[in-house]
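This report concerns the contacts between protein and DNA and those between the two protein chains. Please consult the sequence and the structure shown below while reading.

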There are 2 protein chains.
Amino acid sequence: MKTYLEHARVFKALGDPKRAMIVDMLSCGELCACRILERFNISQSTLSHHMKLLCECGLVKERYVGKWTYYSLDSETIKELKAFFHAITSEKEACISMVCDKGGRK
Amino acid sequence: MKTYLEHARVFKALGDPKRAMIVDMLSCGELCACRILERFNISQSTLSHHMKLLCECGLVKERYVGKWTYYSLDSETIKELKAFFHAITSEKEACISMVCDKGGRK
DNA sequence: ACCTCACATCTAAGTTTTTCGATATGATAC
DNA sequence: GTATCATATCGAAAAACTTAGATGTGAGGT
């Protein structure tokens, strides 16, 4: 079971529109950095940095073939994030009702 | 249909572990700021700032009752974010296969 | 009216993120 | 080996984020 911090890191990675778009692109299948770079108005070093972030949070996997680095989505992390998001946003039964000013003020 | 930017904003809001925890707390039902503040080691102004972010991205709704501000999750935004996340992470059929070095180098 | 409570806003410091250009690395081509 | 290509890393500047203390605001209590 991952911590809030670990899951939040994935959310943070998706919090950049360009990275969200990269994830979208990768959902079509594995891509090398060069193909991703073609679609964006960013420098190569910036893309490399974004890819590093996406990999470090577990959302993306990398694979080295010759000169190229191929990136693809990590379905396990995606599944976990979906589960986490569902867990923190769906109504829970076991919760204590926490009414403000409970107990009154004397 | 919302833009990448708008959805990314929600992800960014969830990218802070404390805000993710606040969302988790709110999934148990509406809470006033005072009750949320009790659970965290942060100043009142900091919490107020986080709540503003959560409201601005649409994830949380606010309601004013007397001295108190009550916060609750906005299920519509949650639904939309789930749909967006699913859309950008599930395999698509209509994608063009983009193989690196396509066309060769002569 | 005056005080207090709950919360928002302002200001400012410290930290992190984003981005690029320059440089490094490692693989393939010649 | 040398050149080139794809990508990573370094270094630095600018922008954005996080946080707390001080102050403002508006509702209620006395």
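Helices (H or I, at least four residues) and strands (E, at least two) are DSSP runs, numbered from the N terminus. This is a predicted model, in which local features need pLDDT of at least 70 and side-chain atom pairs count only at pLDDT 80 or more, while totals for chains, interfaces and linings use all residues. Residues are numbered from 1 along each chain as its sequence is written, chains are lettered from A and ligands numbered from 1 in the order in which they are written, and side-chain values use heavy atoms, with hydrogens and water left out.

**DNA strand C.** A residue is near a strand if one of its heavy atoms lies within 4 Å of it. Around DNA strand C there are 24 residues, of which T46(A), H50(A), Q44(B), S48(B) and Y71(B) come nearest. The greatest share of this surface comes from α4(A), with five residues. Elements that each supply at least two residues are α2 (17-26) and α4 of chain A, together with α3, α4 and β3 of chain B. Sugar or phosphate holds 65% of the strand C atoms within 4 Å of the protein, and bases hold the rest.

**DNA strand D.** Here 23 residues surround the strand, and C34(A), Q44(A), Y71(A), T46(B) and H50(B) come nearest. Sugar and phosphate make up 63% of the strand D atoms that come within 4 Å of the protein. The element that gives the most to the surface near strand D is α4(B), with five residues.

**Polar contacts with DNA.** A polar contact is a pair of N or O atoms within 3.5 Å; within protein, one must be able to donate a hydrogen and the other to accept it, and residues adjacent in sequence count only if both atoms are side-chain atoms. Examples are tabulated here.

| Residue and atom | DNA atom | Distance |
|---|---|---|
| S43(A), polar backbone atom | strand C, phosphate oxygen | 2.9 Å |
| Y71(B), side-chain N or O atom | strand C, phosphate oxygen | 2.7 Å |
| C34(A), polar backbone atom | strand D, phosphate oxygen | 2.8 Å |
| S48(A), side-chain N or O atom | strand D, phosphate oxygen | 2.8 Å |
| S45(B), side-chain N or O atom | strand D, base oxygen | 3.0 Å |

**Interface of chains A and B.** In contact (heavy atoms within 4.5 Å) are 43 residues of chain B and 44 residues of chain A. The two chains bury about 3,900 Å² between them (accessible area, 1.4 Å probe, lost on being put together and summed over both), with 68% of it on carbon and sulfur atoms. Two residue pairs are in polar contact across the interface, both at pLDDT 80 or more. On the side of chain B that touches chain A, α5(B) gives the most, with eight residues.

Conventions: Contact = heavy atoms within 4.5 Å.
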